[in-house]
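Biologist: I'd like a close look at a single part of this protein, please, with enough background that a first-year student can follow along. Could you pick one helix and walk me through it?

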Amino acid sequence: MAKILTLTLNPALDLTVTLEHLQPGTVNRSHALQAHAAGKGLNVAQVLADLGHQITVSGFLGADNLQPFEALIAQRGFVDGFIRVPGQTRSNIKLVEGSGRVTDINGPGPDVDESAFAALLERLERIAPGHDAVVVAGSLPPGVTVQWFAQLLARLKALGLKVALDTSGEALRAGLASMPWLVKPNTDELGEVLETPLHSFSDQQAAARRLLDLGIEEVVISQGAEGVTWFNAQATLHASPPTVKVASTVGAGDSLLAGMVHGLLEGDTAESTLRRATAIAAMAVSQIGFGITDPQYLVQLQREIRIHTPAAEQEG
Ligand SMILES: Nc1ncnc2c1ncn2[C@@H]1O[C@H](COP(=O)(O)OP(=O)(O)OP(=O)(O)O)[C@@H](O)[C@H]1O
Ligand SMILES: [Mg+2]
């Protein structure tokens with residue numbers, strides 16, 4: 001098993017309110033309110049922990065609402081490398097109606113200033129060595145510039161860690177230039193950054209080739225229910241996920257990323273790496289929440305996934 005660091009620069013407290021029917025502008029009554037510590041790097045950390053890895057978590061947490069985060073970190077036995085900053089970690093409110101409609105209200109993060117950023121860099125210099133990989137996932141909080149972000153990724157790389165990156169927009173653009181080991185954009189995120197829509201397989205192939213040419217080793221492009229295509233110097237593989245009843249897609253991308261990092265670090269074959277990762281993502285979609293909650297179901301899902309080398313690749 002590996003030692004893996006995950007970095008969540010902009011975590012969130014997810015507040016899920018369930019109610020029959022939302023009537024804006026009136027007093028509404030909810031059935032339940034659930035709060036849980038979230039953020040892409042923390043999600044990836046939990047799936048990697050389910051897969052048996054030793055996890056250190058880092059990033060920024062607001063000092064005023066630490067409890068759910070510290071509880072999660074303690075419960076999962078993660079090493080806590082988070083820097084505390086003044087203010088509150090943002091809250092993302094999800095209003096879930098009986099019909100299944102979901103309204104999201106995402107809050108702002110706490111301001112991260114230069115001294116907090118310097119503290120994170122300094123902390124990482126101390127704690128990162130000895131880890132096999134670092135997963136950097138999610139958006140940047142207010143105050144963190146893409147220049148700082150690029151500097152951070154460069155430092156992690158210089159410390160000898162394999163950097164796996166999952167972000168979007170300007171942060172993804174800056175991140176690609178830092179030549180991470182692995183990237184996992186979805187087609188929209190990568191299309192936006194490369195300024196070209198990625199509708200067909202050959203669009204994706206051309207985009208992946210640009211990233212491989214930059215020196216990125218593993219390019220994993222996800223496309224929701226249509227599955228995922230994985231490009232590297234050896235091969236191109238596409239996985240078609242099984243049909244599952246969608247309960248919530250929260251954590252699908254994070255689960256896929258965790259599964260890919262797991263298979264690659266374990267030295268598993270390409271096919272079984274992609275098969276397992278796609279099954280973990282499908283399992284996330286089939287449940288509220290994510291993680292390896294039912295190992296037998298995971299085995300069944302793995303059997304139902306079709307892996308093949310896309311045709312345009314064989315011709316080209
Ligand atoms: N409806 C679905 N059925 C089965 N598998 C799915 C479905 N939706 C997503 N997945 C799986 O999850 C993977 C990641 O999904 P997606 O491409 O939507 O990631 P994402 O946009 O990064 O998601 P996230 O919102 O978690 O960041 C897909 O490649 C696929 O394997
Ligand atoms: Mg994603």
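Modeller: Here is a walk from the whole protein down to one helix, α8.

Keep in mind that this is a predicted model. The protein has eleven helices and 14 strands, so let's get our bearings before zooming in. Along its principal axes, the C-alpha trace spans about 60 × 45 × 40 Å. For 316 residues, a compact globule would have a radius of gyration near 20 Å, and the protein comes out at 19 Å, which agrees. Buried residues make up 44% of the 316. Now take the contacts between residues at least 6 apart in sequence: 68% of them join residues at least 24 apart.

Next, the domains. Domain 1 covers 1-18 + 34-167, and domain 2 covers 181-316. Their C-alpha centres lie 22 Å apart. Where the two touch, 19 residues come from domain 1 and 17 residues from domain 2. On the domain 1 side, the elements giving two or more residues are α1 (40-50), β8 (133-137) and β9 (162-166), and α1 brings the largest share, seven residues. Sorted by class, that side of domain 1 has twelve nonpolar, two polar and five charged residues.

Now for α8 itself, which runs over 252-266. How far should a helix like this reach from end to end? At 1.5 Å a residue, the 15 residues of α8 should span 21 Å, and its end C-alpha atoms are indeed 21 Å apart, so the two agree. Here's a handy thing to know about such helices: with 3.6 residues a turn, residues three or four places apart point the same way.

Is α8 mostly enclosed or not? Count the buried residues: 14 of its 15 qualify, so α8 is largely enclosed by the rest of the structure. Just after the helix comes G267, and its phi is positive, near 70°.

There's one more reason to look here, and that's ligand 1. Of the 20 residues around ligand 1, those that come nearest are S222, A225, A252, G253 and A281. The elements that give two or more residues to this shell are α8 and α9 (270-286). By class, the shell divides into ten nonpolar, nine polar and one charged.

Put together, α8 is a helix with 14 of its 15 residues buried, and α8 also gives two or more residues to the shell around ligand 1.

How values were computed. Residues are numbered from 1 along each chain as its sequence is written. Chains are lettered from A and ligands numbered from 1 in the order in which they are written. This is a predicted model: local features need pLDDT of at least 70, side-chain atom pairs count only at pLDDT 80 or more; totals for chains, interfaces and linings use all residues. Helices (H or I, at least four residues) and strands (E, at least two) are DSSP runs, numbered from the N terminus. The radius of gyration is taken over C-alpha atoms; the globule rule is 2.2 Å times the number of residues to the power 0.38. A residue is buried if 20 or more other C-beta atoms lie within 10 Å of its own, exposed if 12 or fewer, and partly exposed in between; C-beta atoms are placed from the backbone. Two residues are in contact if their C-beta atoms, placed from the backbone, lie within 7 Å. A residue is near a molecule or strand if its C-beta atom, placed from the backbone, lies within 6 Å of it. Ala, Val, Leu, Ile, Met, Phe, Trp, Tyr, Cys and Pro count as nonpolar, Asp, Glu, Lys and Arg as charged, and the others, Gly among them, as polar. Domain bounds come from an automatic or database domain assignment. The expected span of a helix is 1.5 Å times one less than its number of residues.
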